[in-house]
Every structure is written in structure tokens, then in C-alpha cells.
Amino acid sequence: MILADKIIQLRKKCGWSQEELAEKMGVSRQSVSKWEGALSVPDLDKILLLAQIFGVSTDYLLKDEIEENDYFPTEDHEEKSEAGARRVSMEEASAFLAVKKETAPRIALGVLLCILSPICLLSLTGLSDEGFIGMNENIAGGIGLMVLLLMVIPAVALFVSSGMKTNRFEYLDSEPIELEYGVSGMVKERQSQLRDAHTRDFVIGICLCIVAAIPLLCTALLTENGAYVLISLCATIAIVGIGVYILVNNGIIWASTEKLLQEGDYSRAEKKANKLDEPISAIYWCVTTALYLFYSFYTMQWDRSWIIWPVAAVLFGAIEGIIRLSCKNKK
């Protein structure tokens, strides 16, 4: 098979048009057309770039006697694949990345709504207590709870609708996978394009979460007026919400590439460990949620009950670490 045919075959396997390949190569579409029509041969630097983009060697591109079946022996590849590993095609990987890009801002918005939902309740009950508004405390609390529910309901709808769209890709979280030819190169290229934005958004999100404490600290130092403290608390919650929105949106999109490449928290070793954590995690967070709701509604101290979540998160991390350590010791 000559170079022209190999370029055509590799381009089609990646699902790219001539225009898309030309853009990645930094050349015109006419140049790619000439390569594929055997009317011209790419320069050496372009050959090297083609090999990098397609994830093949220059020998495969330049030596006509090396056929696809020689370079990518399907049967041998299947034998080397891990037993039970699910193969992911270019189409499926592209669909997964597209769905994650679509649902990431929706999930982030749902999280933001949940974080902001207590603000109205805190504001009305606090201002009612301080006498800044002529409203009965029970009425203020009732209105605040209604607003809270009206914000949580669309958040849940966003979570459910987003989950339904990604249900068919759940195996990427827990099962070992094998990427078909060309998929790894495509995902790595997507990851390299996202890297700068990922780093920037991560830094911004973390900084906002840290800066969020400033209004509350400044108010505590300058005044003991309950109304001002309450306003600063609401401002802190709002800033945290914005920071978390950025982190969640950015994290979901970045994690989609890690899932396909089986990196970080989605490596095969981590997937096996996560299978042990799943039943414990489900029980733990259900109990935590029940405890949070019971305590909050029983005491009506929503301004304090939120502390249950960070404490529960720290405890869960410790429990998870102990479980994994004990499993390693058994091995």
C-alpha cells in the first residue's frame, strides 16, 4: 500500500475530512488532496507530523511493503487485550466527548443552584430576627424554604437529564477498556487542546473558593452586627458557588479525556478499587443526607447544618483510605 492510500485510510479511521487534517497539519486542503491523489509527497517534517498525529511510525508510512494487517495485527491485538475489556470505537469516543461537553455546564449549573439555594432562607430568617424587615419569622422561614425548593428542583432535573444522556457510557467509569486504532491519538490531541484552559479554570476556581472567606472574615473583624454578618455569609456562599461551578464544569470535561485514556482516577487499578468503594459510598452518603435533612429541619439551623458536608467528606476520605490500605495488606 502506497503512502497516498495510507493517508486516506488513516484519515478516514480518525473520522476527519481533508479540511480537518489540513488544519491539524497547518497546510491547505489542496495539499492534502494532492498527497492522497499521489500527485505530490509530503516533506520530511510533514511525514513526521503525520506519524505523530495518526500515532504510527514513519516506517509504516514510507514503506509500501508494510500493510495495515502487518502493522496492526487484529488477532494478536485481541489476544493481548485484557480479558473482558470493552473496545471503544472512534465514533463512540467522539460521541462520549460531545455528550460530556454538552452536559458539563448543566451539571455545574445544578451544583451552583444547590449551593445558592439556602441564601434566601438565611437572608429572610436572619433579617427577620434582626428586625430589618417587618415579617414574621415563620413566614420568612416558609418563603425561604419555598425558594430553596424552587432552586433545588431544577437542579435535580438537570442532574437527572444529564445522567440519562450519559447512562450508556457508564462502563467507562468501572470497566477496563481497549481503544480502537486512532482513538488514543484523537483523545490525546483533545486533551492537549484543553490543557491550558483546564489549568486556568482550576486555578481560578480554587482561588475563588479561598477568596470567598474574605467577606466573612472582614465583617467579623469590623462589626458584630448580625445583619452584616449574615450578608457577608451570603456573599461567601455566592463566591464559593461560582468557584465550584468553574471547577465542576472544567473537571467534567477534563475527566472525560482521562476516562478514555484510563489515566488518573480512571486507571484500571483505580477502577478495581472503586468497585470495593461503591456499596460503602452509597450507604455512607445516603446516611449523611438523611442526617443533614433531619438535623436541619428539626433545628431549623440551616446556617450551621452545612458543616455536616465538609466533615462527612473528610471522614469519607479517611474511611476510603483505610479500606484501600486494608485491601492492599490482604494482597
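The following exercises, each with a worked solution, concern the predicted model shown above.

**Exercise 1.** Describe the largest pocket by its volume, its lining residues and the elements that contribute to it.

*Solution.* We begin with the volume, since the largest pocket holds about 760 Å³ of space. We then turn to the lining, which is made up of 24 residues, and those closest to the centre of the pocket are C114, I115, P118, Y292 and W309. The next step is to ask which elements take part: helices 8, 9, 10, 14, 15 and 16 each give two or more residues to the lining, and helix 14 gives the most, with five residues. Finally, we sort the lining residues by character, and find 20 nonpolar, three polar and one charged.

**Exercise 2.** Compare the expected span of helix 12 with the distance between its end C-alpha atoms, and then say where helix 12 bends.

*Solution.* Helix 12 covers residues 183-211, and this gives 29 residues. The expected span is 1.5 Å times one less than the number of residues, so for helix 12 it comes to 42 Å. The end C-alpha atoms of helix 12 are 40 Å apart, which agrees with that expectation. As for its course, helix 12 bends by about 45 degrees at L194. A further look at helix 12 shows that its buried residues are V183, M186, V187, Q191, H198, D201 and G205.

**Exercise 3.** Decide for each of E36, Q262 and I319 whether the residue is buried, partly exposed or exposed, and place each one in the structure.

*Solution.* The cut-offs come first, because a residue is called buried under 20% relative accessible area, exposed over 50%, and partly exposed in between.

- E36 has a relative accessibility of 10%, and therefore counts as buried. E36 is placed in helix 3, residues 29-36, and its side chain makes a polar contact with the side chain of Q18 at 2.7 Å.
- Q262 has a relative accessibility of 17%, so Q262 also counts as buried. Q262 is found in the loop between helix 14 and helix 15.
- I319 has a relative accessible area of 34%, which means that I319 is partly exposed. I319 lies in helix 17, residues 308-330, and although I319 and S281 are 38 residues apart along the chain, their C-alpha atoms are separated by 9.8 Å.

**Exercise 4.** What is the sign of phi in A38 and in Q262, and where is each residue found?

*Solution.* Phi of A38 is near 60 degrees, a positive value in a residue other than glycine, and A38 is found in the loop between helix 3 and helix 4. Phi of Q262 is likewise positive, at about 55 degrees, although Q262 is not a glycine, and its place is the loop between helix 14 and helix 15.

Notes
Residues numbered from 1 in each chain as written. Predicted model: local features only at pLDDT ≥ 70, side-chain atom pairs only at ≥ 80, totals over all residues. Heavy atoms only, no water. 1 Å grid on protein atoms, 1.4 Å probe; cavity = no way out; pocket = protein on both sides within 12 Å on 5 of 7 lines; lining within 4 Å. Points joined across faces, edges and corners; volume = space filled by probe spheres on them. Helix = DSSP H or I, 4+ residues; strand = E, 2+ residues; numbered from the N terminus. Nonpolar A, V, L, I, M, F, W, Y, C, P; charged D, E, K, R; others polar. Bend = angle between axes of the 7 residues up to and from the residue. Buried < 20%, exposed > 50% of the residue type's maximum accessible area, 1.4 Å probe, protein only. Polar contact = N/O pair within 3.5 Å; in protein donor to acceptor, adjacent residues only side chain to side chain.
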